[in-house]
Amino acid sequence: MKIVSRDEIIAEKITRRNTIKELECHANGDCIHLGKISPGCETCFIRNSFSSYAVYTGCECNASCGYCYYEKNRNDQNWNTSDKIRNCLADLYAFIMHPDTDLKKVTYNSWGETLMYPAILKESSNLIKRWEKDNNKKVYNHLYTNGLLADEEMLSFLKNCGIIELRFHPSASMFSNKVLRHMKLAVEMGFVVTVEEPSLPENKEKIIQHHPVFNEIGVKHLDLVECQVTSNNREYLEKKYPNGRIYRDFLWHLYDEGMVYDIMEEVIKNKYTFSVIDCNSRVECCRDTHQITRVPELVDWNMMEGACSS
């Protein structure tokens, strides 16, 4: 792989964006999307320490993706998962008891497969429900999963936990029929279903081939995430993409060579109903550093599906 400058990649992206008239730009130009995106994406573009919370569940996974940027041999013991969970739950309790808290969004995620940790989901959701009841407000809870464990029993459990949106990663199972059935069932049970995938060329054709399936199932959103490059996945990416270009913004990323915009054009051409967001390196900057400050009055929340005033 070749290391190139950020400016080279950003210039190519801007040139390509200018060819798609349906493309929308919000959050001072850092939120690039087609259609109304998920309310769960709001927390990436605005910093308010009293309105959102991320629940960490654990690190183990039941899938094995070569492009995963986490350590391959991680487990709950060597990653001190118990300590992280205890601290997360203690912080959540303190958070909901703080008088300035105005909780709007909660993310359930992990460094592996979130649904492998139902006890943590239940404990966290009980605290969040307590805050909702005490304040007569509803929190938008969304959760990340590869979908392998999202059967009817699990989906009923998640409903009881107050989860509204499920973000599925179907390429983790090679777009298995099992996961697609789970996605369909989730829609039927009233969940907002999102597909979240890395914008890697190896999955491009599979994603495009599944557009009609996503549309028929009732997927609301397609989130395409620019792949991070770390010491844990660089060897895989170098073998897969010997001519690939990597660049550093806040983090190191493998440029998708315009894949996200190719997919947007397919969605436009075929009039599919799900939104598409370009979750690129600039989003990582918004999410992970306070150096980029969001001014709430400059963010148009009408870009979001079912958005409410902030």
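Where is isoleucine 246 found? I looked it up before anything else. Isoleucine 246 is found in strand β10, residues 245-248. I note that this is a predicted model.

**Entry: around isoleucine 246**

I checked how much of isoleucine 246 is accessible. Its relative accessible area is 1%, so I put isoleucine 246 down as buried. Next I listed its contacts, leaving aside neighbours within four places in sequence. Isoleucine 246 touches Met1, Lys2, Ile3 and Val4. Val229 and Arg234 are also in contact with isoleucine 246. So are Trp252, His253 and Leu254. Then I took the distance to tryptophan 131. The two residues are 115 apart in sequence and 43 Å apart in space, C-alpha to C-alpha.

**Entry: α3 on α4**

I turned to helix packing. Two packed helices are described by the angle between their axes and the distance between the axes. For α3 and α4 I noted an angle of about 5 degrees and axes 9 Å apart. That makes α3 roughly parallel to α4, since angles under 35 degrees count as such. From α3, the contact uses Ile85, Leu89, Leu92, Tyr93, Ile96 and Met97. From α4, I wrote down Ile120, Glu123, Ser124, Leu127, Ile128, Arg130 and Trp131. By class, the contact of α3 with α4 has 10 nonpolar, 1 polar and 2 charged residues.

**Entry: α4 on α5**

I stayed with α4, residues 118-135, and looked at its packing with α5, residues 152-160. Their axes come within 9 Å and cross at roughly 25 degrees. I therefore noted α4 as roughly parallel to α5. Pro118, Leu121, Lys122 and Lys129 of α4 meet Phe157, Leu158 and Asn160 of α5. The residues of this contact divide into 4 nonpolar, 1 polar and 2 charged.

**Entry: α7 on α10**

How far apart are the axes of helix α7 and helix α10? I found 11 Å, with an angle of about 10 degrees. Helix α7 covers residues 201-209 and helix α10 covers residues 259-270. The two are therefore roughly parallel to each other. On the α7 side I listed Pro201, Asn203, Lys204, Ile207 and Ile208. On the α10 side I listed Met259, Asp262, Ile263 and Glu266. I sorted the contact of α7 with α10 into 5 nonpolar, 1 polar and 3 charged residues.

**Entry: aromatic rings**

How many aromatic pairs does the structure hold? I found 8. One of them joins tryptophan 79 and tryptophan 111. This pair is edge-to-face, 5.2 Å centre to centre, with 70 degrees between the planes. Tryptophan 79 is in the loop between β4 and α3, and tryptophan 111 is in the loop between β5 and α4, 32 residues apart. Tryptophan 79 counts as buried at 15% relative accessibility. Tryptophan 111 is partly exposed at 28%.

I then took up phenylalanine 214 and phenylalanine 274. They form an edge-to-face pair, 6.4 Å centre to centre and 75 degrees between the planes. Phenylalanine 214 lies in helix α8 and phenylalanine 274 in the loop between α10 and β12, so the pair ties together parts 60 residues apart in sequence. Phenylalanine 214 is buried at 1%. Phenylalanine 274 is buried at 3%.

I also noted one aromatic cluster, formed by Tyr56, Tyr69, Tyr70, Trp79 and Trp111.

**Entry: a charge over a ring**

Last, I looked at lysine 159. Its charged end sits over the ring of phenylalanine 191, 4.7 Å from the ring's centre.

Technical notes
Residues numbered from 1 in each chain as written. Predicted model: local features only at pLDDT ≥ 70, side-chain atom pairs only at ≥ 80, totals over all residues. Heavy atoms only, no water. Axes fitted to C-alpha atoms, helices over the stretch in contact; angles between N-to-C directions. Helix = DSSP H or I, 4+ residues; strand = E, 2+ residues; numbered from the N terminus. Parallel < 35°, antiparallel > 145°, perpendicular 65-115°, else oblique. Contact = heavy atoms within 4.5 Å. Nonpolar A, V, L, I, M, F, W, Y, C, P; charged D, E, K, R; others polar. Phe/Tyr/Trp six-rings, centres within 6.5 Å; stacked < 30°, edge-to-face > 60°. Buried < 20%, exposed > 50% of the residue type's maximum accessible area, 1.4 Å probe, protein only. Lys NZ or Arg CZ within 6 Å of the ring centre and 35° of its normal.
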